Number of protein chains: 2
Amino acid sequence: MNYTINEVAQKFGLSAHTLRYYDKEGLLPFIERTTSGNRVFTDADLNWVALICCLKDTGMPIKEMKTYSQWATLGAETIDERKQMLTEHRLEVTRQIEKLQQNLKLIDEKIEFYNDPDNIELMEKMKERVRSRAN
Amino acid sequence: MNYTINEVAQKFGLSAHTLRYYDKEGLLPFIERTTSGNRVFTDADLNWVALICCLKDTGMPIKEMKTYSQWATLGAETIDERKQMLTEHRLEVTRQIEKLQQNLKLIDEKIEFYNDPDNIELMEKMKERVRSRAN
DNA sequence: GCTTGACTTAGAGTTAACTCGAAGTGATAT
DNA sequence: ATATCACTTCGAGTTAACTCTAAGTCAAGC
């Protein structure tokens, strides 16, 4: 099955502009063209785009994804490099998740603070005396 | 206990530049000054900066944090607005975590793919025939 | 009293990742 | 065959969040 750039864009919630930009930046090294120059995406390309989106969404810079893409074009001899990059990135993602969970905790504490009528009463009383700080 | 801008910057892994930038953008509405105009951070301000960092790290734009900060200066009467903003943002953060966990799964699958000798062998055989795609 | 160093401001510059516009080409519908 | 439409390229513009520079102020130590 083949897909046009707009079909792929729709599937991944990107714009055709963005896909061309990724292509220009060397992130889509496998995409073939029609005789008239239009990009043709195969199912294998869709998997590739999915990986690129995954790496992008987890904060990998375009430059690094480009390196990964170049390694992929070189075939089996770059497997170790690619595996290492993904393994390091994996660790990065787990750190992001941990950080988010900590931050979520702080937000929950803040919401809890607002849910406690005692705190609200205190804030109301403070009104005219001291400027309420850090609430 | 009071702190200088550099002490606070160090504590939160920010630069003094960035803290001044946040102040200019209205994110630090409670910070007092010395007679000579230097910022003085109290412990309450440290808690406030911690919240700002938390919101920033979870993707809240500066504009929205500014709104929140302005509400905070108005005192108890804006508690509902603030609680609602945090509650919506909380949901956003849980979505981020879910998305990251999905992406982590894909990365793990990819690493698993590279760890399977069968796949490596396949890739090596493909070398001269078809350009390796989506690996 | 002068130097040093940390601070101040306003505003310009940078970076990453898009995002858009202009000008043009090719395939399909009438 | 001509209008439409999706595509192409190149390059300029945008946005958010810093990041830095220049010019200046202030307090403490020699």
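A salt bridge is a side-chain nitrogen of Lys or Arg within 4 Å of a carboxyl oxygen of Asp or Glu. Keep that in mind as we tour this predicted model.

**Stop 1: where the chains meet.** Select chain A and chain B. Here 52 residues of chain A are in contact with 52 residues of chain B. Together the two chains bury about 4400 Å², with 68% of that on carbon and sulfur atoms. By the rule above, 4 salt bridges cross this interface. For one of them, select Arg90(B) and Asp108(A): their side chains meet with 2.4 Å from N to O.

**Stop 2: the chain A side.** Now colour helices H3 (43–57), H4 (62–73), H5 (79–115) and H6 (117–126) of chain A, the elements that each give two or more residues to the side touching chain B. Which helix gives the largest share of that side? It is H5(A), with 23 residues. Sorted by class, this side of chain A has 24 nonpolar, 14 polar and 14 charged residues.

**Stop 3: DNA strand C.** Show strand C next, with the 17 residues that surround it. Among the closest are Tyr22(A), Asn38(B) and Arg39(B). Of the strand's atoms within 4 Å of the protein, 73% belong to sugar and phosphate.

**Stop 4: phosphate oxygens.** Zoom in on Tyr22(A), where a side-chain N or O atom is 2.7 Å from a phosphate oxygen of strand C. Then pick Arg20(B): one of its polar side-chain atoms lies 2.5 Å from a phosphate oxygen of the strand. At Ile62(A), look to the backbone instead, where an N or O atom is 3.4 Å from a phosphate oxygen of strand C.

**Last stop.** Finish on H2(A), which gives the most to the surface near strand C, with 4 residues.

How values were computed: Residues are numbered from 1 along each chain as its sequence is written. Chains are lettered from A and ligands numbered from 1 in the order in which they are written. This is a predicted model: local features need pLDDT of at least 70, side-chain atom pairs count only at pLDDT 80 or more; totals for chains, interfaces and linings use all residues. Side-chain values use heavy atoms; hydrogens and water are left out. A residue is near a molecule or strand if one of its heavy atoms lies within 4 Å of it. A polar contact is a pair of N or O atoms within 3.5 Å; within protein, one must be able to donate a hydrogen and the other to accept it, and residues adjacent in sequence count only if both atoms are side-chain atoms. Contact means heavy atoms within 4.5 Å. Buried area is the accessible area (1.4 Å probe) that two parts lose on being put together, summed over both. Ala, Val, Leu, Ile, Met, Phe, Trp, Tyr, Cys and Pro count as nonpolar, Asp, Glu, Lys and Arg as charged, and the others, Gly among them, as polar.
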